[in-house]
Every structure is written in structure tokens, then in C-alpha cells.
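Student: Please take me through one part of this structure in detail, and then set that part against the rest of the chain.

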Amino acid sequence: MTEGMTTVAPESHEVRLAISGMTCASCSARIERKLGKVDGVRSATVNLATEKAQVVFAAPVTVEAILSEIQRTGYGASVIPDGVIPGGATAKPAPRPRRDPLPSRTTSRYAAHRAPASASPAAPAGEGASAAPRAAAGASSRPTALVARWREALLRTLGDATPRARLVVAVALTVPVFLLAMVVPAFPASPWLQLVLTTPVVAWCAWPFHRAAAVNARHLASTMDTLVSLGVLAAYLYSVVALLAGADHLYFETAAVVTTFLLVGRFLEARAKDSGREALRSLLDLGAKEVSLLRVDPRTRITGEHRVPVEQLVVGDQFLVRPGEKVATDGIVRDGSSALDASLVTGESAPVDVRAGDEVTGGTINTTGRLVIEARKVGADTMLAGIQRLVEAAQTGKAPIQRLADRVSAVFVPAVLAIALVTLVAWLATGHGFARSLAVAVAVLIIACPCALGLATPTALLVGTGRGAQLGALIKGPQILENTRRADTVVLDKTGTVTTGDLRLTKIAVVGRLDKKAALKAAAAVEQGSEHPIARAIVAGAQQARLDLPRITDFTANPGEGASARIRETEVTVGKAALFDTVDDSLLEHARSNPGTTVFVGWDGTAHAAFTVGDTVRDSSRAAVERLRELGLTPYLLTGDAETNARSVADQVGIESANVRADVLPADKHAVVTQLQQQGKVVAMVGDGVNDAAALAQADLGLAMGSGSDVAIDSGDIVLVRPDLDAVADAIELSRATLRTIKQNLFWAFGYNTLAIPVAAFGLLSPMIAGAAMALSSVLVVTNSLRLRAFKR
């Protein structure tokens, strides 16, 4: 299968492409239209801000045919390898060989326009050829070769330059042109100096606009570059003709200043868009570059340490992580204990304690101890690579609100060209001079800005999803944003969402003068021979109390009932009340009044103590529930646990008892969501288990805990990498802020173009002010989107 291509259905495939040469929304809309007409292409989404396309297709079309169609349309295209973000980081799946990096995003737009190297001159004729024909052939071919070489050199000179270089030259030449035209008193040589200084600005600095306009004209299409190129060339060529004819009204400063303003705007826009990608890039750069691999010498059988690139890791390798180093890939701790700083990966502020048997995530930082970790996932299978794919998919997609902007952009440039022509004719028809009429028409061409329309949604998505990734909330697609605004009810699965999902020893009750630690020591000694979750919770409680457990003999497990073993000469039993002849009433009352599961410990047929094991509420759950209320969401608790346990948890986190749904079978969870929807509620569902998958899919908005099952994660709309209910509020609040920013951007873009074009058509704006306003409109949209980088939970 082609690299960068994935199968999305048995009969269809999906490919991600890097697109070069796009300058405005008309470009991306045109590529979508062209691909949509290709037989076999089911959907095509092109994102201007990220310069990427996502194409779903089926036979008979191929990836090569898709690339050819884009190139015939006048743009560059290449397949994005797995795990590569153009201009970003790479997450390469081992053990694949290294790939060549993609071309720089800064220069890719111009690299595609460079002319190929000229062919070598033809070989001379054979020995038998006469000198005269040879001389004639040489004489006739020499001018052709010189012209070809001159044309090649010219195109290379025009095309081989960075945007920064063009901008610097434009500013250096435009300032004196502006001063000569507007400030310095007129003198005879002034017009000719303006011509000399303006010509490089129009010919070289504005070359990207002219070339893009020519490419599109060849395909009978028009973009923002068409408007800019026509406007600048019209002002320049009119001034040249007027200068040669001896006229006074010249517009050299208009051509130069407009070009400079637009180059400034495009430069600032590129910088701002690059800043928007910074969040995701920094997240992907978290991965370690090298790893201390542990290998056994086949001759000496001694385990040695070898520093190797992280790409060489394969599943099953064991590697060493010292304090201060990054965990190279997802794995499981085989030896040692430490605390891992996962704040940059999951957003958790507190270090996470790990010991042998615990799973760890690549990119986290080891803070204290020495760890030996076995690699379980490498390359494209790691959590960081998964985060990359989710965020990329969200950034490439389009929100429903963007479709309106796309439809407007598709007809925008032709409409502006028509308006400019009508404006020119109308001003001439009303008795105005050609110079004045041309200036007004140029202002109309230049002030129109489809870029602001095209950037309104993707730049906000770019920054919002990147910030979400930093906070541990991965938004799968832009269409989800609208649902976060509409949601008014949130259903929280109890186990693993509101609670930790891990059983812990919560209460101990004893009879008479028996010491609680002695009772715990006896129970843990017996239970250490069992693998039951309740047994593990009791043993963990003893370890936390730092108790030394006595040796046991004659261990016997009673499945479903409990276990027994001999400690010294006494047989100790741990399990249900039915295992004992006598159970004190105080222990039975303890079992009834405390939520969780209670087991008893005793000897000689009498229960002497009771241990309650329960699922503990996450520390942040109560504050998170309160935040959800502040966001206008009514919380519900959903669980298959008993009513008593469910109400206890609800009371601890502040959920009303009327909103508790207990004793719900896994198959019926989605029915609860459906019932709430039938009551007119817009439901967000938060879950983590396989049994939550149907409910997550049924909900208007599904939020899956990243620590949960793969099925649940696949069913969710938003994946919460941080195992913390507070991440739910973060995800919803950030999604709403992103949607708000998109609407602000679109309001500005529509409002600007609606007001600016008529103002320019009535002659109230000079072309220079129009150029500055047009450049500023795109910068304002991108800058407004960048405010999302400051979002804090």
C-alpha cells in the first residue's frame, strides 16, 4: 500500500497529501472541485492553513492519478508519509527505514516553479560532415541556445528567493518611491527615479503573485493572486505609458506600496500560522531521540547498555531510563520504581508514581528512580503518534460553518473582477478621467480579500486543536465543535471516569480489642496467594501501611467465596460471611452502611474483622462536576454498580440523587442516553470501557477517556488523554472557545468584504490604503485565532 495511505472501508482508501502553491480560499476550493469531478474520488477536503488535503477514493482511481490531477490544476502535491507533518516532527514506525524529510514549508511554494536545468548542446556532426553545414548549424542553434539559457536564468532569478528577501527588497525600494511621490517636492528626474525603483518591486518582488495568476489563467481560473497581479500591473503599466506621454498623474507609488503591504501581510500571516502549529510540533518533539538499549552479549551472557537511535527500538526490547531522561516509547516497567512527569503529554500536573508492572507512555520524563522498561508499542503505534493522527485529522477537516465560506469563496474572485470592470466603466461613463477611474478600479481589485474567508476556520482549528493536545484533550474533528455548544446534559460513567477504577481498601472494622493492623496483617497474608482484585486491594493496603506479612502454608482458594491459609498453627479465613459460623452484628452493620464490597477475616469459625474495598473517587471529580455545571451542563451518574454505592459516589462529587442511574446493564447504557435525548436533551457522554462504546456512539457528543479501551476511544468524538474528569470541562470549554473564535473570524471576513468593496467602488479609498487594509484583514483573522494559545483551564 502507498505510504501515507490508509484503508477506511473494504472498498475505499484514504490518502493525506501536502499541497504547495495555494495562496487563498479560491485555490483550496478549486482543488476540491477538480478532485470531486474525478471518477472514484468520494470526498476531498483541502485545508488552506495546514496546506494539506485528505482524499477518500476507490477504484479505478489511484494515488498517482490524484497527484496528477492536482498538478494539472496548477499546484504541487506529494503524499505525506505516516507520521510526518510538513514543517513539523516525525513519528516513524519502526522498523521501517528512514524517509527523506519533506521540503521546507517556507520555500515549497516557490520550489515547484523553478525551471529544469538546460540540456547539453547537441553533439557535433560526424567526421564526414562538411564544415559549412556544421558552421551553419552552429550559427542557427547558437541564438536559440542563448535565448533558452537567458530564459532559464531569468526564471531562476525570479523564482529563487525567500519571502523574507522579497519583502526586504520591496521595503528598501518602496520607501524612497513613496517619499518621491508624496513628500519630496517635484523635480524633473523624479518620475524617472520612481520608474527605476518601482520596476524591481513590480517585476521581482511581486513575481509570486504574477506567476500564480498566470498559472491559474492558463486553467481559465482566478484567485486572489489574479486580483493583486491585475491591480499592481494596471497601476504600473498605466504610469509607464503616462510618463512616456508626458502626463502628470502617475501611480508608481501605488504599485510599489500595494506590493509591499501584501508581502508584509503574507509574511506576518505565515509567521502567525507557523505559531499556530507550534503547539502540535512541540508535543510531537517530546519523543526521545536516543535510547539506552539493554542487550545480552551472546559470548559472555552479560547484559550491556548501548545508545541507539529510538527508531531502532522494536517491540520486546528492554531499555534503561535514568532520572531526568525521557521514556523512549510506550512500554511496561520491568524493574525499578520512580515518579514520571507526564504534564507535557497528558496535561497531568502531578508526577505519576510507577513501579514494576505499570504501563508508561513515551515522552514522559523520569524524575527520580532508575527504570528498566520493555517496549510494547513503537513508531506509529505509540500514544504520541496516535495524538498526531487525531489532531491532524481534526485540523484537515472542516466545520459545517466553513461550508458557507467555501461556497462564497468559489465565486468571490470572478465577482470582484466583474465589479472592478463595472466600476471602471461607470466612472468613465460619468465623465471622470481614465487615471482617476483606473485608480478606483485598482482599489476594488486590491481591497477584496478572500484570504480572510479561507483562513477564518482552519487557523482557529489549527490553534485550538493544538492547544487541546497540550491540555490532554484531542478533538477528532471540526464538526464536533457545534455539538459542544449545544450540549446541555453530561452523563458520566462512574467506574474509571468519576472514580479511579482501581479497588482500594477504604474501611476496617474490628471486634473487641483486636488491633486493626494485626487484623490487616492476617488478612493480607492469606490474600497474597490470590489474584482476585479484592485480594490485591487488601494486600496493597498492607503494603501501604508497611506491614511485614507472615509466611503462610496450606493455602486454599474457594472460588466465589474467599480463601484460607495457615499462619503458624492457626487457620485464617478471608471471605464472605457465609464462611463463618459467627459474625458479630457490628461487622454486619459495617457491611450494610459502607459502600463497596466487604469481606471478613477470622479464625476458629468466628469473624473478627471486616474489610471494605471500594472504587475511590478521583480527587478532581467534585471540582470538575461543579465546572460542568458552570458551563450549563446538568450532570448524571451512570453505573452498573449497586444503588448504595452509586448514591455514595454521587454524594461525594455533588450529583443530585435524582440524576443517578444505577444497576444499569452494559447493554442498556445506550438506552439511558436515548431516553434523555427523547426528553429533548442534547447529551454528552463520558466513558472509558468497552461497555460504554454504544452509549458514546449514541450520544450527541462522546468523550472517551484515553486510559480506557480502544473500542471506547474509537467511539468517542473527543479523546481525553489525561485520566481526569477535569479534562472533560477543559475539552468542552476549549471547543466552545474555538467555535466562538471561528464565528468571530467569519463575521470579520464577511463584514470586511461586504463593506470594503462598495467603499472602494465609490472612490473613497486610495489603492494604497486598500492594499494595507487587505493585508491587515488576513493578519487580524490569524492573530485572533492565536489568542486560543492562551486558553487556560
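Tutor: The account below begins with one pair of helices and then turns to the wider interior.

This is a predicted model, in which local features need pLDDT of at least 70 and side-chain atom pairs count only at pLDDT 80 or more, while totals for chains, interfaces and linings use all residues. Residues are numbered from 1 along each chain as its sequence is written, and side-chain values use heavy atoms, with hydrogens and water left out.

The part chosen is the pairing of helix α5 (residues 163–182) with helix α6 (residues 190–205), whose axes lie 9 Å apart and form an angle of about 155°; axes are lines fitted to C-alpha atoms over the stretch in contact, with angles from 0 to 180 degrees between N-to-C directions. Helices are DSSP runs of H or I with at least four residues, and strands are E runs of at least two, numbered from the N terminus. The two helices are therefore roughly antiparallel, the term for angles over 145 degrees. Their crossing is left-handed, meaning that the near helix is turned anticlockwise from the far one by less than a right angle. On the α5 side the contact (heavy atoms within 4.5 Å) includes V169, L173, V177 and L180, and on the α6 side it includes L193, L197, V201 and W204. By class, this contact has 14 nonpolar, four polar and one charged residues, where nonpolar covers Ala, Val, Leu, Ile, Met, Phe, Trp, Tyr, Cys and Pro, charged covers Asp, Glu, Lys and Arg, and polar covers the others, Gly among them.

Turning to the whole protein, there are 26 helices and 28 strands, and 52% of the 793 residues are buried, that is, under 20% relative accessible area with a 1.4 Å probe, protein chains only. The largest nonpolar core (buried Ala, Val, Leu, Ile, Met, Phe, Trp, Tyr and Cys residues joined through side-chain atoms within 4.5 Å) has 127 residues, with L17, I66 and L703 making the most contacts inside it. Helix α25 (residues 726–761) supplies the largest share of this core, 15 residues. A second, separate core of 22 residues includes I534, I538, A563 and V599.

A456, in helix α14 (residues 450–471), is buried, with a relative accessible area of 0%. Leaving aside neighbours within four places in sequence, A456 is in contact with I742, N745, L746, V781 and S785, and its C-alpha atom is separated by 9.8 Å from that of L780, 324 residues apart along the chain.

Methods
Angles under 35 degrees count as roughly parallel, over 145 as roughly antiparallel, 65 to 115 as roughly perpendicular and the rest as oblique. Buried means under 20% relative accessible area, exposed over 50%, partly exposed in between (1.4 Å probe, protein chains only).
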